[in-house]
Amino acid sequence: MLDPNAVDVTTPSICYNILTSAATTGATSRNMTNTRATYMKAVVTTGDGGVVLKTDVLVPTPGPGQILVKVVAAAQNPSEWMTLAFINTPDIVLGRDFAGIVEEIGPDVPHGLRVVGERVAGFINGAMTKELGGTFAEYCLAEAQILVTIPATLSFEDAAGIGLAGFTACQALWQNQDLPTPLNPTSNPFPILIWGGASAVGQYAVQLAKLSGLQVITTASPKNHELLKGLGADAVFDYRDPEVSNKIRQFSGDKLAHAVDCIATGDTPALVSTSFGSDGGYVALVMPGDIPRTDVKGEFSLVYTLFGKAFDFPMPYPAYPKHFELGKKFGIILNSLLRDERLKTTPVKLVPNGLVDAQKWIQYQKDGNVSAEKITYRIGDTL
Ligand SMILES: NC(=O)c1ccc[n+]([C@@H]2O[C@H](COP(=O)([O-])OP(=O)(O)OC[C@H]3O[C@@H](n4cnc5c(N)ncnc54)[C@H](OP(=O)(O)O)[C@@H]3O)[C@@H](O)[C@H]2O)c1
């Protein structure tokens with residue numbers, strides 16, 4: 001497990017990012033500099049499994065520890081279609097991932113941590129309640145401390161998909177597994193399997209594991225093998241090959257003891273556990289899944305616990321203050337890797353007309369059409 005005390009939150013990298021971001025954007029003050037709009041465009045639930053674009057949604061007000069972000073681009077996740085199957089309340093704003101500009105800083109945000117005008121990207125525990133809101137909107141609320149500052153070299157569109165996928169990859173690697181990090185890479189590489197390397201979570205997990213000095217084995221459709229090698233994978237296998245687990249076991253010399261299952265549905269937990277060496281090991285799961293081997297421990301975690309607050313949906317979770325500390329550290333690691341251009345963002349599929357066709361693109365993802373790409377909405381393109 002990554003020691004929450006191992007990284008100083010006042011590390012110069014985050015200060016550097018804030019300073020450079022402020023310089024780039026002309027940001028000068030901690031407080032709101034202009035009068036905020038009252039209403040905004042946003043994609044909201046209809047209450048019967050669909051979504052609709054509305055123009056009269058109230059702009060939210062940041063509460064303690066929150067900032068208000070003017071969303072420039074929002075990225076889509078599988079959680080959008082999954083959530084719609086459960087929500088029967090209308091008018092809940094959809095969307096979790098955002099990239100935008102800090103518009104206003106709420107109470108109790110540590111002084112100097114964020115500045116108005118700063119370019120930020122992250123995720124929220126969105127589309128759950130009306131209070132939390134969502135990111136498929138002109139404005140969203142965000143936790144001020146679980147974020148990255150967007151470096152000047154990165155566009156809002158590219159940065160929009162960092163949040164949920166990037167922090168989930170960090171959580172899967174370091175919340176419960178005792179693995180090296182890019183801050184202290186190992187010089188004795190041992191194998192790790194990142195199942196589903198072409199997924200958004202997988203692309204970050206492959207890179208972060210490689211930057212931590214590990215030997216990275218991953219799975220993807222053949223058309224994505226070169227992409228994954230470019231991200232640092234040492235070996236890529238076709239997950240549809242009936243011999244895939246045997247091949248992974250052979251490649252790793254029967255020594256595989258660590259894995260992240262970035263899919264964790266259908267047969268993947270079984271295929272992952274069969275790939276492990278004779279001594280078993282540990283696999284982090286992004287969805288709840290059953291591991292058939294007793295000597296392979298599988299653990300599911302949910303990225304929203306990184307906010308350190310209790311929540312009820314999609315299942316009740318208590319507050320984990322330690323996870324909040326970890327979330328801040330993950331933000332610092334992602335921040336510094338992005339600033340140093342050592343981390344690549346997921347290829348963007350920028351859809352036309354902004355949020356207008358959100359229903360269609362949510363269905364596109366539900367139908368399994370997303371391959372190594374991030375559906376991304378530019379909010380300003382919404383007619
Ligand atoms: N626990 C959490 O807090 C948390 C947070 C975020 C996401 N998630 C979950 O994590 C999963 C991945 O999310 P995502 O946004 O990264 O997904 P995504 O980008 O939409 O995933 C699409 C990719 O999945 C790959 N894939 C599909 N089936 C596969 C299989 N059987 N084996 C290997 N790869 C397969 C495909 O690879 P090819 O194109 O190469 O075929 C495709 O590129 C989702 O179920 C999501 O709900 C959980």
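Start by selecting strand S3 (residues 66-75) together with S15: in this predicted model, the two pair in the antiparallel sense, joined by three bridges. To find one of the contacts between them, click on Ala-74, whose bridge partner in S15 is Tyr-377.

Now turn to the other pairing of S15 on this tour. Add strand S14 (residues 348-350), which runs parallel to S15 and is also linked to it over three bridges. Zoom in on Lys-349 and you will find Ile-375 of S15 standing opposite. From here, follow the chain out of S14: it passes through helix H10 (residues 358-366) before reaching S15, and this β-α-β crossover is right-handed.

Before leaving, colour S15 itself, residues 374-378. Is it enclosed or open? Four of its five residues are buried, so the strand is largely enclosed by the rest of the structure.

Next stop: the ligand. Select its surroundings and you will pick up 28 residues, the closest being Ser-221, Tyr-239, Val-286, Val-303 and Ser-371. Show distances for three polar contacts:

- Ser-221: an N or O atom of the side chain is 2.5 Å from an oxygen atom of the ligand.
- Asn-224: a polar side-chain atom lies 2.9 Å from an oxygen atom of the ligand.
- Val-286: here a backbone N or O atom is the partner, 2.8 Å from a nitrogen atom of the ligand.

How much of the ligand does the protein bury? Of the 940 Å² that the ligand exposes when taken alone, 86% is buried by the protein. To see which elements give two or more residues to the shell, highlight helix H2 (78-84), helix H4 (162-174) and helix H5 (200-211). Then colour the shell by class: 18 residues are nonpolar, 10 are polar and none is charged.

For the last stop, select strand S5 (residues 119-123). Five of its five residues are buried, so S5 is largely enclosed by the rest of the structure. Turn on the side chains and keep this in mind: in a regular strand they alternate between the two faces of the sheet. In S5, Arg-119, Ala-121 and Phe-123 point one way, Val-120 and Gly-122 point the other way, and all are buried.

Which strands pair with S5? Strand S4 (residues 97-105) does so in the antiparallel sense over five bridges, with Ala-99 opposite Ala-121 of S5. Strand S7 (residues 147-149) is also antiparallel to S5, over three bridges; click on Gly-122 and look across to its bridge partner in S7, Leu-147.

Terms used. Residues numbered from 1 in each chain as written. Predicted model: local features only at pLDDT ≥ 70, side-chain atom pairs only at ≥ 80, totals over all residues. Heavy atoms only, no water. Buried < 20%, exposed > 50% of the residue type's maximum accessible area, 1.4 Å probe, protein only. Pairing = 2+ DSSP bridges. Right-handed = clockwise from strand over helix to strand, strands pointing away. Near = heavy atom within 4 Å. Polar contact = N/O pair within 3.5 Å; in protein donor to acceptor, adjacent residues only side chain to side chain. Areas by Shrake-Rupley, 256 points an atom, 1.4 Å probe, with all protein chains shown as cover. Nonpolar A, V, L, I, M, F, W, Y, C, P; charged D, E, K, R; others polar.
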